Amino acid sequence: MNQNNTLIEILKETGKISEEAIRKTQQLQAEKGGRLSDILIENKMVSEVQLLEALSVQYDIPFWPELPLGHIREDFTHIVPIQFLKAHVMVPVYCNDYNEGHHQTSKKSNQQGGGQNQEPVKCVIAMRDPTCFQQLDDLIRLLSEDEYQIVLSTKESILSLINLTYDFSRDSAEQLVQDMEENGKEILSQIEDTSDLLDDISDAPIIKLVNHIISQSIKARASDIHVEPYQNSFKVRYRIDGILYDLLTPPKWILPALISRIKVMAQMNIAEKRLPQDGRFEVKIGDQSIDVRVSTIPTSMGERAVLRLLNKTSTLMNLPDLGLFPDKLRLIEQLIRTSNGIILVTGPTGSGKTTTLYAILSAINTPDINIITIEDPIEYQLEGINQIQVNPKINLTFARGLRSIVRQDPDVLLIGEIRDRETADIAVQSALTGHLVFSTLHTNDSASAITRLVDIGVEPFLISSSVIAVIAQRLVRVLCGECKQPFVPDDVILERAGFASEHIRKHTIYRAKGCERCLQTGYKGRIGIFEIMVLNDDIKRLVLKTFDSNRIKHEALRHRMVTLREDGIHKVLKGMTSLEEILRVTDT
C-alpha cells in the first residue's frame with residue numbers, strides 16, 4: 001500500500017475530483033460516518049472506474065477493467081458458494097494463458113516487495129474492495145491456492161464472470177442431465193433435429209446453455225426470459241414475481257447462436273433476422289409441463305427475444321386464493337351468480353386478469369351451465385369448458401368467433417379482451433339477451449373502464465344497461481415469511497401512502513430483507529389487490545350524463561368503494577406485503 005498518498009490526494013492529483021466535491025465528501029463523512037469510497041460512489045463524486053484506478057494506485061494492486069471471459073475454469077464452483085462470491089464481489093480467475101497486457105506477480109512477490117522473472121500466476125483473484133482481507137483469506141483457504149495475484153475490477157465484470165462460470169459449471173450440467181434421466185426422455189420435447197444448424201458453432205455448448213437458461217428460470221418460478229442485445233454485450237434476464245433480475249451476461253459473440261437455437265426450438269425461420277417473429281414450444285422438467293411462447297424482434301444491436309413461460313401443470317387458483325378479503329369475496333361470489341350482464345376485469349398487462357377470470361369460471365362451472373370462451377392465447381385448459389383460440393391468420397378474430405359462439409346456446413361467455421367496437425357491440429348484445437359475459441380491458445382503474453368503452457364506440461345507455469360491475473386489479477409481491485422484518489416507516493412514506501402515523505400503532509408494518517428461501521429478494525409469490533365498482537342505480541344514472549372517469553370514481557367512492565391503494569394498505573397492515581410494494585404498484 002502507498003502510505004504517503006490518501007485516496008483523496010490521489011483523486012485530486014489525477015484531476016478526478018474538485019475541491020468543492022472534496023469538502024462535500026468530508027462533510028458527509030463527518031455527519032453520517034461510513035467509508036470514504038462508499039460516500040464517493042453513492043454521491044456520484046467519481047465513477048466506479050475512477051475510484052478503482054485510484055485504489056489501484058493507493059494499494060499498488062493492478063486494475064483490470066475487463067476480466068477474461070474466454071478462459072473460464074469451473075472446478076471451484078462445487079467448493080465456493082456462489083452467494084459468498086456475490087456478497088463480497090470477488091471471483092477467482094484462472095488464466096495461465098492470459099498474460100498479455102496484465103502485470104502478474106505471485107503471492108510471495110507481493111509480500112517480499114517484488115522480484116524478477118517470477119513464474120506466471122495460476123490464480124488471479126479479482127475483487128472490487130481491496131480492504132476485504134478476511135473474506136479474501138477465506139476464499140484462498142477454500143481454493144487451497146499457494147500462489148495467487150490480486151487485481152481490482154468493476155462490480156459488473158466480476159458479477160458477469162461469476163454468473164457465467166456457475167452457469168457453465170459441471171454441477172449445473174450434471175443436474176440438468178439428471179433431470180432428463182428422471183423423465184426418461186429429453187428435457188426438451190417437440191424439437192426438430194437441429195444438427196444442421198449448429199455444425200459451425202459447436203452445438204453442444206449452445207444447446208447446453210439454452211437448456212440451462214430455461215431450466216434455471218423454471219426452477220426460479222420465472223414468468224419470462226429476456227435476451228437483450230447491447231453494443232458490446234448482451235444480457236439474459238428473467239422476471240420473477242413481476243420484477244426483472246439479471247441471470248447472465250455472456251460475451252456478445254454467443255448471441256447469434258443463442259437466438260438461432262431458440263428459433264429452431266420454436267420452429268421459426270432462422271434465416272429471417274429483419275422481421276419480428278412468433279413461435280412456441282414445450283419443455284418438461286420433472287413432472288412440470290411448460291408452454292413457452294417465443295417472440296423475436298430486430299434491433300440495431302441484434303435480435304431481441306422474449307420467452308413467456310406458462311406452467312400448464314400448475315393448479316388453477318380458486319377465488320379464495322386470489323387475496324380477496326371476506327367481504328369482497330362474498331361480493332364477487334354474488335356478482336358472478338347473476339344470470340346476465342357484463343363483468344369487466346381491468347388492469348395492465350401482467351396484472352393477473354386471466355387468472356382471476358379462470359378462478360371465476362371454475363367457481364361457476366357446473367354441468368348445467370354451458371360456458372364457452374374465446375381467448376388469445378388459451379393459457380390453461382379448463383375441464384368442462386369449451387375454449388376457442390383466436391387465429392388472425394385465418395381471420396378468426398374475437399368478433400368473428402363471438403358471432404358463431406352466440407349460436408352455440410351458451411349461458412356464460414368469456415371474451416379474452418374487448419379490443420374494438422364490433423367485439424364490444426356483440427358483448428353488449430349478448431348481455432342484454434340473457435347471457436353472463438366476462439371480459440378484460442386495459443385501464444388503470446375501474447372508473448376508467450366506462451370511459452374506455454365510450455371511446456371504443458359503445459353508447460352510454462347500452463353501458464348502463466349491460467355492465468353490472470368492473471373489477472380493477474394489480475399484483476403485489478408477498479413478503480417472505482422467513483425473513484420479513486418489522487419496522488416503523490417515516491412520516492414522508494406514510495403521508496405518501498395516504499394515512500397518518502396513529503393509524504399504524506395497533507399494527508406491525510413489515511419490510512423485505514432477503515434470504516436463500518426467497519433468492520435474496522425479500523419476497524416470495526404474489527397476491528392481488530382489488531377495486532370493485534358495482535354499477536348501482538346512482539352510477540348508472542351518472543353514466544347516462546357523463547363518462548368522465550373522475551366523476552364516476554367520486555360517485556363510487558361515495559358509495560364506499562375501496563380503491564386499489566386502500567386494499568393494498570389493508571394487506572400491509574395484515575403483514576402480507578410491504579408499504580414500498582404498494583406504492584410501487586399503485587403510483588400512477
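1. Let me start with one rung of a ladder: Thr296 has Ala305 as its bridge partner in strand 10. Keep in mind that this is a predicted model. The rung belongs to the pairing of strand 9 with strand 10 (residues 302-311), an antiparallel pair joined by 10 bridges. Two residues sit between strand 9 and strand 10, and the two strands make a hairpin.

2. Strand 9 (residues 288-299) also pairs with strand 8 (residues 277-285), again in the antiparallel sense, and here there are nine bridges. If you want a spot to look at, Gly279 stands opposite Val294 in strand 9. As a reminder, strands of a sheet pair through backbone hydrogen bonds, either parallel or antiparallel.

3. Now for the charged side chains in this part of the chain. Arg280 and Glu282 form a salt bridge, with 3.4 Å between the closest N and O atoms. Which of the two is buried? Glu282 is, at a relative accessible area of 13%, while Arg280 is partly exposed at 38%. A residue counts as buried under 20% relative accessible area, so Glu282 with its 13% falls in that class.

4. A second pair to click on is Glu272 with Arg274, whose side chains meet in a salt bridge at 3.2 Å, N to O. Glu272 counts as buried at 14% relative accessibility. Arg274, by contrast, is exposed, with a relative accessible area of 67%.

5. On to the open sheet, which has seven strands in the order 13-12-14-15-11-16-19 and mixed pairing. Its edges are strand 13 (386-389) and strand 19 (523-534), each of which pairs on one side only. Direction ignored, neighbouring strands of the sheet are turned against each other by 20 degrees on average.

6. Within that sheet, strand 11 (residues 341-346) and strand 16 (residues 467-479) run parallel and are joined by five bridges. Who partners Thr346 in strand 16? The bridge partner is Ala472. Helix 15 (residues 421-432) packs on the sheet, where it touches strand 11, strand 14 and strand 15 (436-441). The direction of helix 15 makes about 135 degrees with that of strand 11.

7. Helix 14 (residues 398-405) is another one to rotate into view. Helix 14 lies across strand 12 (371-375), strand 13 and strand 14 (412-415). Against strand 12, helix 14 runs at about 165 degrees.

8. My favourite salt bridge is the one between Asp376 and Arg419, with the closest N and O atoms 3.4 Å apart. What does this pair tie together? Asp376 lies in the loop between strand 12 and strand 13, and Arg419 in the loop between strand 14 and helix 15, so the salt bridge links parts that are 43 residues apart in sequence. Both partners are partly exposed: Asp376 has a relative accessible area of 35%, and Arg419 comes in at 41%.

9. Last, the wider count. How many salt bridges are there? The count comes to 24. Some share partners: Arg280, Glu282, Asp291 and Arg293 are joined into one network that way.

How values were computed:
Residues are numbered from 1 along each chain as its sequence is written. This is a predicted model: local features need pLDDT of at least 70, side-chain atom pairs count only at pLDDT 80 or more; totals for chains, interfaces and linings use all residues. Side-chain values use heavy atoms; hydrogens and water are left out. Two strands pair if DSSP finds at least two bridges between them. Helices (H or I, at least four residues) and strands (E, at least two) are DSSP runs, numbered from the N terminus. Axes are lines fitted to C-alpha atoms, for helices over the stretch in contact, and angles run from 0 to 180 degrees between N-to-C directions. Contact means heavy atoms within 4.5 Å. A salt bridge is a side-chain nitrogen of Lys or Arg within 4 Å of a carboxyl oxygen of Asp or Glu. Buried means under 20% relative accessible area, exposed over 50%, partly exposed in between (1.4 Å probe, protein chains only).
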